[in-house]
Amino acid sequence: MIALPLLILLVLYAGASLFNGVICVLSALALHEFYAMGLPETRRGEAGLAVATGTLLTALVLFQAPALLISGVSTLLVLGMMIVFLFRHQEITAVGRDLATVMLGWVYVPLLLLHVGLLRGLAEGRLWVFLVLVLVMLSDSAAYFVGRSFGRNKLYEAISPKKTIEGSLGGLAGGVLGLLLYKYLVFPELRLLDVVLLGVCVGAFSQIGDLFESMLKRSFNVKDSGTLIPGHGGLLDRLDSLLFAFPLTYYYVIWFYGG
């Protein structure tokens with residue numbers, strides 16, 4: 001119950017360093033959940049190292065380290081992790097899978113999540129961050145209620161048996177209507193074209209993000225990503241839609257508003 005007010009206060013009032021520091025902490029927690037799902041117990045050492053290095057990469061980007069330093073450190077960390085697996089191969093038939101899981105974790109969590117900090121650092125960044133939060137929350141809610149009331153046709157039964165096409169379309173409509181309200185109440189600089197494009201495209205990507213995490217959990221044979229949030233699963237279960245929504249919004253703003 002207190003998470004949403006804290007999030008609002010953080011977006012509104014936290015300085016850039018504090019906000020980006022929180023993003024780094026969230027990245028570390030989400031990465032820990034990911035590796036707890038995807039790596040065997042015997043790889044806990046590698047998982048801890050991967051969490052630390054993934055968080056370091058997040059910090060380098062968000063705290064604006066020189067591009068050459070970021071690319072150099074990234075390359076060294078990738079090579080270093082390969083060498084770790086070379087000399088700690090354990091079950092030889094699982095080495096490729098486990099190393100690929102480590103690399104996927106870096107791409108899936110830090111690379112996508114750091115766009116929250118990048119978006120907030122833009123002109124009117126706070127409004128853009130709230131736009132994504134409003135869009136995803138209203139889209140999720142609309143999809144749930146429309147799906148419960150009118151859902152008949154499965155959207156992607158192999159991945160998420162309860163989701164329906166009707167619910168998905170309802171979610172897209174709910175996102176557009178939510179952004180229309182957001183435009184007139186909070187962010188009048190938004191154009192109607194933005195409302196439609198962001199409502200549909202970012203709304204669709206948020207649903208894809210949810211499906212992607214569901215696929216990962218099924219492949220890892222777990223129900224929730226973790227137990228960090230009692231009654232709601234893990235942090236990744238709360239971030240899955242946002243991980244796909246924030247990067248798309250960031251590049252939309254860069255392209256059409258010049259940052």
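Visitor: Leaving aside its neighbours within four places in sequence, which residues is Lys-217 in contact with?
Guide: The model shown here is predicted. Neighbours within four places in sequence are set aside for this list. What remains in contact with Lys-217 is Met-37, Val-222, Lys-223, Asp-224, Ser-225 and Asp-237.

Visitor: Is Lys-217 buried or exposed?
Guide: Lys-217 is found in helix H8. Its relative accessible area is 13%, and a residue under 20% counts as buried. Lys-217 is therefore buried.

Visitor: How far does the backbone oxygen of Lys-223 lie from a polar atom of the side chain of Lys-217?
Guide: Lys-223 is among the residues in contact with Lys-217. Between the backbone oxygen of Lys-223 and a polar atom of the Lys-217 side chain, the distance is 3.4 Å.

Visitor: Lys-217 and Glu-213 meet in a salt bridge, but about how much of the helix separates them?
Guide: Side chains of opposite charge can pair when their charged atoms come close. The side chains of Lys-217 and Glu-213 do so at 3.7 Å, N to O, and both residues are buried. Because they are four residues apart in helix H8, what separates them is about one helical turn.

Visitor: How many salt bridges does the count come to?
Guide: The bridge between Lys-217 and Glu-213 is one entry. Another joins Arg-97 and Asp-98. The count comes to ten.

Visitor: How far apart are the closest N and O atoms of Arg-43 and Glu-46?
Guide: Arg-43 and Glu-46 are both buried. Their side chains form a salt bridge. The closest N and O atoms of that pair are separated by 2.8 Å.

Visitor: Which residues are linked with Arg-43 in a network of salt bridges?
Guide: Arg-43 forms a salt bridge with Glu-46. Arg-97 and Asp-98 meet in a salt bridge at 3.1 Å, and Asp-98 is buried at 2% relative accessibility. The network links Arg-43 with Glu-46, Arg-88, Arg-97 and Asp-98.

Visitor: How many aromatic pairs does a search of the whole structure find?
Guide: A pair of aromatic rings is described by the distance of the centres and the angle of the planes. The search of the whole structure gives a count of eleven.

Visitor: Tyr-108 and Phe-212 form one aromatic pair, but what is its arrangement?
Guide: The ring centres of Tyr-108 and Phe-212 are 5.2 Å apart, with 55° between the planes. An angle under 30 degrees would count as stacked and one over 60 as edge-to-face. The angle here falls in neither range, so the pair is tilted.

Visitor: How many residues apart in sequence are the parts that the pair of Tyr-108 and Phe-212 ties together?
Guide: Tyr-108 lies in helix H5 (residues 95–120), and Phe-212 lies in helix H8 (residues 192–220). Tyr-108 is buried at 3% relative accessibility, while Phe-212 is partly exposed at 23%. The separation in sequence of the parts tied together is 104 residues.

Visitor: What kind of aromatic pair do Tyr-182 and Phe-187 form?
Guide: Tyr-182 is buried, with a relative accessible area of 7%, and Phe-187 is buried at 3%. Their ring centres are 6.3 Å apart, with 85° between the planes. Planes over 60 degrees apart count as edge-to-face, so the pair is edge-to-face.

Visitor: Which ring does the charged end of Arg-120 sit over?
Guide: The charged end of Arg-120 is placed 4.5 Å from the centre of a ring. That ring belongs to Phe-19.

Visitor: Where does the largest share of the largest nonpolar core come from?
Guide: The largest nonpolar core has 60 residues. Those with the most contacts inside it are Tyr-35, Tyr-108, Leu-119 and Leu-131. The largest share, twelve residues, comes from H5.

Visitor: How many residues are in the second, separate core?
Guide: This core is separate from the one that holds Leu-119. Its members include Leu-57, Leu-60, Ala-65 and Leu-77. Its residue count is six.

Visitor: What distance separates the C-alpha atoms of Ser-74 and Cys-201?
Guide: Ser-74 is placed in helix H4 (residues 67–87) and is partly exposed, with a relative accessible area of 21%. The side chain of Ser-74 reaches the backbone oxygen of Ile-70 at 2.7 Å. Cys-201 is 127 residues from Ser-74 along the chain, and their C-alpha atoms are separated by 30 Å.

Technical notes:
Residues numbered from 1 in each chain as written. Predicted model: local features only at pLDDT ≥ 70, side-chain atom pairs only at ≥ 80, totals over all residues. Heavy atoms only, no water. Phe/Tyr/Trp six-rings, centres within 6.5 Å; stacked < 30°, edge-to-face > 60°. Helix = DSSP H or I, 4+ residues; strand = E, 2+ residues; numbered from the N terminus. Buried < 20%, exposed > 50% of the residue type's maximum accessible area, 1.4 Å probe, protein only. Lys NZ or Arg CZ within 6 Å of the ring centre and 35° of its normal. Core = buried A, V, L, I, M, F, W, Y, C linked by side-chain atoms within 4.5 Å. Salt bridge = Lys/Arg side-chain N within 4 Å of Asp/Glu carboxyl O. Polar contact = N/O pair within 3.5 Å; in protein donor to acceptor, adjacent residues only side chain to side chain. Contact = heavy atoms within 4.5 Å.
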